[in-house]
Each structure stands twice: as C-alpha cells, then as structure tokens.
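Load the model in your viewer and show it as a cartoon. Keep a selection box ready for the stops below.

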Amino acid sequence: MDSIPAHDLIWTGSYTADSGGRGTGIGAVAAAADGTLRWLGVAAAADSPSFLAVHPSLPVVYAVAEHARTVRAYRRAGAFGLEPAGPAWPAGDAACHVAVEPSGRFLVVCCWGDGQVLFYGLDADGGIVGRTAGVESRDPYGEAPDGGPSEREKRPSRAHAALMLADGRVMTTDLGHDLLRIWNVRSGPGLALVPALDHEVALPQGSGPRHLVQHPGGHVFVVTEYSIEVAVAGLSPDSGDFRLGFVGPATAGGAQPEDSAAEIALAPDGRHAYVGVRGSNRVCVLEVEAGGAALRPVADVPSGGDWPRHHLVRDGLLHVAHERSGDVVTFRLDAASGLPGIPADRLQVDSPTALVPARARPMPGE
C-alpha cells in the first residue's frame, strides 16, 4: 500500500483496556474528497492515547497516555504506521491533553488528575529532549473570611487543555479552579514555561473551563464542562492582558441535567463555533458576533451517536467522535448558515477520544 498523503490522513486517539475502553492505540483514518472516511488500521499500539498533537512541519505525532501518565513522540513509518521516536516521558496523573508550539520548539501537557502543566523541549527532529513543570500561581478569589483556604482552593486543580496563543504565549484551562492561566515562554539559556503571576482570568465558580480556541480576531473562546456555557476572554491592546468579557449558554435549547460539554471548534472563516455536549448528545452551533466578542447559540443538532467526546471541522465537514457508541459521524456544513445537515457518513472506531489531522496546517504551495 502506498503512503497516504498527510492532508488525507486523520489520527484518532482512543481509550484502551487499561481505561475501560475498546481501542488498541492510535488509529489511522483516510479522508476522501467527498468527505467519507475509511479505517486504515492501528497506526501504533499504545495504552489509552487519549489526546494527540502533530508537529507543524515534521511527520511526528505526540500522544499522552492518560492511564500510564506519559507522553511519547511517534514518527510516521510506512503507509500509515507510526513508530516510537524515543522513550515515553513521564507526565502527571491523568495526562489528558498535549499541544505543540507552532514552530515546533516545545510541547505542553496538561494533567487532569493532579493539575500539573508540563513543558517538554523538542529537538530538530521533533524528539522530546527535556521536561520542566509549570508553577501554579496565586488564588484570584482570595482567602476565606476566616483567613483559611477559599472554597476554590478546597477543590483540586484540574489542568485540562493548552492553547498556543497568536502572540507566542500559552493559555491553559484549570477545570477544577475555574481559571484560565497565561504562561510566558522564556528563551534564555534554555526554554521554560513561566506563569504570568498577575495575569489570570477567573471564570464563574463551578463552571469548569475545559477546552478553548482562539478566534482570528484575537478573542479566546472557552467551553465550560459543568455549566455548559461558552466564555470569551478578550485581549486588551494596551496592556496585553486577557479579561473575561462574555459568558453565555452553549446550547440554543438549554442544558439537560446529565449534560457535560466537551470540545469547541471554529469554522475556518471564524463565523461559527461548534460545541459538543455529552449526555443529550448534541452538537451546538453558535454564531460569532461583534468581531468575536460574543457568541450566540443558533441550533442544537443531534450528534448521531453516544458521548461526542471530540470533533473536527475541515473542508466544509464536521467529523464527530463518539466515545461510547464507537463511531465517527460526518456532517456536511451548509456554507451560508454553518449548520450541519443529516449525517453523511458513519465509520466504526473503537472508543475514539480525539480526531487530529496528520498535517497541522497547509504547507506553502498546497
């Protein structure tokens, strides 16, 4: 079999037996021009590679092993295979997200179990060469009236996702402490991730910020797992600080008691955002307003499966990975309204948890 072009290939994360799932590792899926997907096989056997990221210019994939508490680099080999590119590096408890810096200098891993934000240097070949831990910063809610820990401090830190900001900084969510943290990248004698101690964004307590994406206009959209809302953090052009500017419902029809929001993704033109809601199993479509300063829910569409864990918007299509029903359902998006139509394709994939294109962005000339 010939090698599958990177722009036609999607890697899938999964839960395996160690986490109660049915997957067997990192999967490979081919995307046809008409939007249909074809299962190629297991690219690399791995224990619960629940989230993935790709190097911006090299054929290297990074996977966090949530149960094993590690992160590892894999290099593309053969038609669609992946082989380990170096040893597995230790991460924190329930490492659940990995992101790559746009020039390929470093990784950031977020750990849901113990709240750690971990920084890994990369070499010229995309291999992992070192690790440092980020430092948790102050409590923006302050002390309790009796001088003891605040209600927020009594809850565990739950680092959940990292976003590489357009200005070179890094933003991470803390689902347990209802925070967005901003980190500076120190170059010095060696790369390091340094918390901006006076620059955090506090969301409403109990909201649970989970995943996030940056709009072309600079605003950051955050989906909250517990309150089923979207928050917008706006960037001040004068100070360079982010501030919470908007919080509103993620759904058009209201959240259900057992709902749990998962992923947020943007349309390439920045006009619509898509939020996956587990429980009621919906994809919520939101219209971007005021240049990115606000979001308005316009429709809730059945996701086509059970427990929409992650989704991907590309080439006028919406691919939704359902962890519990074990499938990826594809919708065509209306070019004008941004709304998904009826399901156009369904592919069986065991316990999928992430969908990541093998090519992070189009290369020059493509």
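Which residue takes a positive phi in the hairpin of E11 and E12? Select Gly126: its phi is near 85°. Five residues lie between the two strands of this hairpin. Keep in mind that the model is predicted.

**Stop 1: the E11-E12 hairpin**

Colour residues 117-122 as strand E11 and residues 128-133 as strand E12. The two strands pair in the antiparallel sense, over five bridges. For one position in register, select Leu118; Ala133 in E12 stands opposite.

**Stop 2: Leu193**

Now go to strand E16, residues 192-202, and pick Leu193. Is Leu193 buried or exposed? Its relative accessibility is 7%, so Leu193 counts as buried; the cut-off is under 20%. Show what Leu193 touches beyond four places in sequence: Val108, Val117, Phe119, Val170, Trp183, Asn184 and Val185. Draw a distance from Leu193 to Val117, C-alpha to C-alpha: 9.1 Å. Along the chain, these two residues are 76 residues apart.

**Stop 3: the nonpolar cores**

Select Trp11, Ile26 and Leu82. These have the most contacts inside the largest nonpolar core, which has 21 residues. Add the strands that each supply at least two residues of this core: E1 (9-14), E2 (25-31), E3 (37-45), E4 (49-54) and E5 (60-65).

Which residues does Ile26 touch, leaving out those up to four places away in sequence? Select Trp11, Thr12, Val42, Ala43, Ala44, Pro49, Leu52, Ala63, Tyr74 and Leu82. Another core, of 20 residues, lies apart from the largest one. Its members include Tyr62, Ala91, Val100 and Leu122.

**Stop 4: Asp47**

Move to the loop between E3 and E4 and select Asp47. Asp47 is partly exposed, with a relative accessible area of 48%. Beyond four places in sequence, Asp47 touches Thr16, Asp18 and Ala65. Add a C-alpha distance from Asp47 to Asp18: 6.7 Å, across 29 residues of chain.

**Stop 5: the sheet E17 to E20**

Select the four strands of an open sheet, in the order E17-E18-E19-E20. Their pairing is antiparallel. Which strands are at the edges? Strand E17 (209-214) and strand E20 (242-249) are, and each pairs on one side only. On average, neighbouring strands of this sheet are turned by 25° against each other, direction ignored.

Zoom in on strand E19, residues 229-235, beside E20. Seven bridges join this antiparallel pair. Pick Gly234 and look across to Arg243 in E20, which stands opposite.

**Stop 6: the sheet E25 to E28**

Here is another open sheet of four strands, in the order E25-E26-E27-E28 and with antiparallel pairing. Strand E25 (308-314) and strand E28 (340-348) are its edges, each pairing on one side only. The twist averages 20° from one strand to the next.

How many bridges join strand E26 to strand E27? Six: E26 covers residues 317-322, E27 covers residues 327-333, and the two run antiparallel. Select His322 and find Asp327 opposite, in E27.

**Stop 7: charges over rings**

Select Arg158 with Trp112. The charged end of Arg158 sits over the ring of Trp112, 4.1 Å from its centre. Then select Arg324 with Trp307. Arg324 lies over the face of Trp307, at 3.7 Å from the ring centre.

**Stop 8: positive phi outside glycine**

Stay on Trp307. It is found in the loop between E24 and E25. Trp307 is buried, with a relative accessible area of 15%. Its phi is near 70°, a positive value in a residue other than glycine. Why check the sign of phi? Because most residues other than glycine have a negative phi.

Finish at Ala290, in the loop between strand E23 (282-289) and strand E24 (294-302). Ala290 is not a glycine, yet its phi is positive, about 55°. Is Ala290 buried or exposed? Ala290 is exposed, with a relative accessible area of 64%.

Note on methods
Residues numbered from 1 in each chain as written. Predicted model: local features only at pLDDT ≥ 70, side-chain atom pairs only at ≥ 80, totals over all residues. Heavy atoms only, no water. Core = buried A, V, L, I, M, F, W, Y, C linked by side-chain atoms within 4.5 Å. Buried < 20%, exposed > 50% of the residue type's maximum accessible area, 1.4 Å probe, protein only. Contact = heavy atoms within 4.5 Å. Pairing = 2+ DSSP bridges. Axes fitted to C-alpha atoms, helices over the stretch in contact; angles between N-to-C directions. Lys NZ or Arg CZ within 6 Å of the ring centre and 35° of its normal.
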